[in-house]
Each structure stands twice: as C-alpha cells, then as structure tokens.
Amino acid sequence: MNQDLDNYLIDKYPYIFRDRYASMRETAMCWGFACGDGWFDLIDVLCELCTRYLETRPELAKEFFAVQVKEKFGTLRFYVSKGTDYLFALAEAAEDLSEYVCEECGAPGTICRPNGHWIQCRCPEHGGPPLKPLVPPSVRVAIDQWGDEYVDLHPGPHADPKSLADLETYLQRRPEMRPLIPVFARAYETFPGVAWLLQAILQILGLTGTLKDHPDFALEIRDVRGDPVFEISGTIDDELRGTFDFYSAFLKRWREKNL
Ligand SMILES: [Zn+2]
C-alpha cells in the first residue's frame, strides 16, 4: 500500500496500528499494509467499526491491536492480538469481501491468476477476467397455493430461462437462500450502483453457510438516506451482527466513492 494511505491509517487509528514501526522481532506490522491500495477502504471501514465498538470497552481496547495485515491467496488477512465474536466477524466480513474487490484499484474484481502464477483478486482492467453475474439476480416464485403458476420476480437482463434454471439448481443446493433472493433482487433494482457488492454478499452468505446456524434469521435491505442498510431479525448473535454491520458500512462507503 502506498505511503500516503499507510500514514493515513496509522494517524487515524494510532491504537490499532501502535506496532506499525515496532521491531520485526515483535510484530509483522513492521512490514506495513502488505496489500494493494484497492483494499484501503476495506481496512478503513473495518477499523472505523472496530474503533466504534471499542469506545465503550476501554479494557479490551488496551489489548486490541493489529499484528499483521496482508494479502494471502488473493484475499485480505487482518490479524489482531485479541478480540470478541463481534470483532472477529467484522474482520472476517472484510476478508470475505476482498475476494470481490480488485486489490489494485477497489473496483469489482474476481479471484484469478493475472500473471499466470499467483492467485489474486483483480478487475478486468488490472488483468482479471470479465465480470459475470455471481448469482442470477432474479427469482421464479409460485403465485398460487399449488405451485403450478409462476412469476419471474424482477426479470432483469439475466432472467433468461437458462439463468432461472441455474438459479433453481443453486436453490436446490442452498434452500436456505430462497427467502433471501427476492430481498436481494429488489435491492439490485433500488441500488444498481452496488449490485456487484450485493451479489458478492449473497454469494458469501451461500458459501459460508452463515444462515444454517440461524434458522429463524430474516433480512431486509432498507433505504436509509439513499444507502442500503441491512436490517436483520430473529435470533441474532454478535457474530451475525458484526457480519452485517460490516456489509452495511462498506456498501455506504462504496456508494460514496462512486457517486
Ligand atoms: Zn482494478
């Protein structure tokens, strides 16, 4: 990461990055932020949320600091000295989303091998492949009680018969995603500028099995002054709250950058 961004982060979060210039015998933070500039916002938003949480937990704040920040296998790693379920969930959400954010410039990206060797996350401009929709952003739902008649919800450009068939296959593998797809499909329309991130989040929720542990989980995406904000309900633990707090905050940042 370039020196200006590095300086910005250690000035803004002196406690989290207190070991930035400590000896290499003590910490891997001495190497700085060992990743590209494109992940600056992931790190900044993560640290903002950690700071807000730690403000009311001074004892924990004394012991919480970054020990290493780097790229590994194409994704961000943010290692800390100590944490709670909430803090670890924030960091994990940032790490998971880094798989969809170009490490060079912060644009939508994909995991690929741009130089033929190393796995990295890149946008098409920085050597990545063309972007394709991650999950078909529309859904076919039954409109009668017998399930004989169907309607295509939000049939965007991807609602051709093949993508709906793909979606059905996907939902058979991940039935817990069925209630979420219409919620996300509506959000793609309301917030087209963040469609890529919403697709990424939906895909992560499917891949990580986050919802399996929360059978009564329900989600809405509300428009809060033009920003998509996740509203979650059901039996919510700190881990789930941390995950969605990060998603909401990062979506807001992404919109601000692209307005
Ligand atoms: Zn890029």
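This is a short walk through one structure, starting at its core and ending at a glycine in a loop. Keep in mind that we're looking at a predicted model.

Okay, the core. The largest nonpolar core has 56 residues, and the ones touching the most other members are Leu42, Leu46, Leu90, Ala94, Phe246 and Phe250. Who supplies it? Two or more residues come from each of these elements: helices H2 (40-54), H4 (85-97), H6 (180-190), H7 (195-208) and H8 (238-258), plus strands S2 (66-72) and S3 (75-80). And this core draws on both domains, with at least three residues from domain 1 (3-126) and at least three from domain 2 (139-258). As background, nonpolar side chains tend to be buried together in soluble globular proteins.

Let's zoom in on Leu90. Which residues does Leu90 contact, once we skip its neighbours within four places in sequence? They are Leu46, Leu49, Cys50, Gly242, Asp245 and Phe246.

Next up, H8. Take 21 residues at 1.5 Å a residue and you'd expect a span of 30 Å; the end C-alpha atoms of H8 are indeed 30 Å apart, so the two agree. Plenty to see along this helix: its buried residues are Leu240, then Gly242 through Leu251 in the list, that is Gly242, Thr243, Phe244, Asp245, Phe246, Tyr247, Ser248, Ala249, Phe250 and Leu251, and also Trp254. What covers those buried residues of H8? The cover includes H2, H4, H7 and strand S9 (227-233).

Now the strands. S1 (residues 33-34) runs parallel to S2, joined by 2 bridges, and Ala34 has Lys70 in S2 as its bridge partner. On to S2 and S3: these two are antiparallel, with 6 bridges. One pair to look for is Gln68 with Tyr79 in S3. S2 and S3 make a hairpin with 2 residues between them, and in that turn Phe73 has a positive phi of about 50 degrees.

Last stop, Gly36, which sits in the loop between S1 and H2. Is Gly36 buried or exposed? Buried, because 21 other C-beta atoms lie within 10 Å, and 20 or more is what counts as buried. Leaving out residues up to four places away in sequence, Gly36 touches Met1, Glu103 and Glu104. With Met1, the two C-alpha atoms are 5.0 Å apart, although 35 residues separate the pair along the chain.

That's the tour, so over to you for questions.

Notes: Residues numbered from 1 in each chain as written. Predicted model: local features only at pLDDT ≥ 70, side-chain atom pairs only at ≥ 80, totals over all residues. Core = buried A, V, L, I, M, F, W, Y, C linked by C-beta atoms within 7 Å. Buried ≥ 20, exposed ≤ 12 C-beta atoms within 10 Å, placed from the backbone. Helix = DSSP H or I, 4+ residues; strand = E, 2+ residues; numbered from the N terminus. Domains from an automatic or database assignment. Contact = placed C-beta atoms within 7 Å. Expected span 1.5 Å × (residues − 1). Pairing = 2+ DSSP bridges.
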